[in-house]
Amino acid sequence: MNARSEPAEAGPDEPARPVEPSAARPVKRSAARPPLVRELLLVAGLFLAYKFGRQLATGHTAEAFRNAHHVWDWERALRLPDEGTVQSLLLHGDTLIHAANTYYATVHFPATAAFLIWLYLRRPGHYVPARRVLAGVTGAALVLHLLFPLAPPRMLGATGLIDTARVFGPSVYGPPSTDQLSNQFAAMPSLHFGWALMVAVGLIVATRSRLRWLWLLHPLLTLLVIVGTANHYWLDVIVATAMLGLALAVVRPPHRPRCTVRLRRPEPRHRPAEQRELVGAGR
């Protein structure tokens with residue numbers, strides 16, 4: 001007989017004492033997934049805000065180039081590595097630089113979308129905080145794009161860098177004067193890197209595999225690509241990292257108290273022998 005599931009035998013005058021199998025065991029409840037339609041609309045709005053919200057910062061060409069000269073001078077004053085060193089590594093072969101341009105053009109959005117979909121389906125408890133962090137970082141980045149328009153290093157002659165996407169392809173940008181799909185003067189912060197770092201952090205937190213730290217290769221490759229293709233400065237990456245850290249500190253997963261189910265001991269139907277004797281003695 002299993003003592004955890006069967007009541008102990010009672011004497012002739014003792015009521016059966018039910019055992020409480022769940023008294024000390026918490027019952028874990030998986031987090032409920034948010035409504036799918038609502039989440040599709042929210043995530044679609046997030047991507048659209050990133051893609052088209054940057055258009056609000058167009059028309060600041062002169063200011064964007066002035067800020068680019070300032071950023072370049074600040075990096076030299078801070079003795080940050082020269083972006084040209086990274087680009088020279090990629091220019092050792094046409095295949096390597098073409099792969100870097102392809103990574104920049106094709107991985108950013110699909111990787112982030114796949115990350116959110118996987119969390120929604122497999123780790124719903126981590127999905128909402130991750131979506132909030134991405135939304136917060138994206139919103140703050142769009143504000144900074146308005147306040148601090150910045151031309152990327154590929155446009156700044158003082159850097160000595162080339163536009164690798166235009167020379168080797170593929171390129172996601174047209175000429176800045178005619179490009180109506182994106183704002184090319186929104187280099188700071190780098191949402192390419194900010195989103196990639198959030199994908200890695202989210203997957204490391206949401207999984208338990210010993211190999212989960214390999215997800216950091218995604219932001220590391222992204223860093224190599226965005227700097228080597230002359231689309232971003234080092235300071236763009238530093239600002240994006242700081243904004244993500246702030247968002248992670250503000251947006252925390254909701255605390256879910258552990259649910260413990262306890263069985264209430266039923267009242268005995270018959271009085272114990274001792275109680276009957278006391279009642280009889282009082283007559």
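This passage describes the fold, the surface and the salt bridges of a predicted model.

The protein contains eleven helices and two strands. Along the sequence, the order is β-α-α-α-α-α-α-α-α-α-α-β-α. One strand therefore opens the pattern, and a helix closes it after the other strand. Contacts were examined by separation along the chain. Among those with a separation of 6 or more, 81% join residues 24 or more positions apart.

Burial and surface were then computed. The protein has 283 residues, and 37% of them count as buried. The exposed surface comes to about 17200 Å². Carbon and sulfur atoms supply 62% of that area.

Three salt bridges were found in a search of the whole structure. Arg 76 pairs with Glu 75, with an N to O distance of 3.5 Å. Arg 76 also forms a salt bridge with Glu 83, where the closest N and O atoms are 3.7 Å apart. Glu 75, Arg 76 and Glu 83 are thus linked in a network of salt bridges. Glu 75 is buried, at a relative accessible area of 0%. Glu 83 is likewise buried, with a value of 0%. Arg 76 has 30% relative accessibility and so counts as partly exposed, because the buried class ends at 20% and the exposed class starts over 50%.

The remaining salt bridge joins the side chains of Asp 163 and Arg 154, at 3.7 Å from N to O. Asp 163 counts as buried because its relative accessibility is 15%, under the 20% cut-off. Arg 154 is also buried, with a relative accessible area of 12%.

Terms used:
Residues numbered from 1 in each chain as written. Predicted model: local features only at pLDDT ≥ 70, side-chain atom pairs only at ≥ 80, totals over all residues. Heavy atoms only, no water. Helix = DSSP H or I, 4+ residues; strand = E, 2+ residues; numbered from the N terminus. Buried < 20%, exposed > 50% of the residue type's maximum accessible area, 1.4 Å probe, protein only. Contact = heavy atoms within 4.5 Å. Areas by Shrake-Rupley, 256 points an atom, 1.4 Å probe, with all protein chains shown as cover. Salt bridge = Lys/Arg side-chain N within 4 Å of Asp/Glu carboxyl O.
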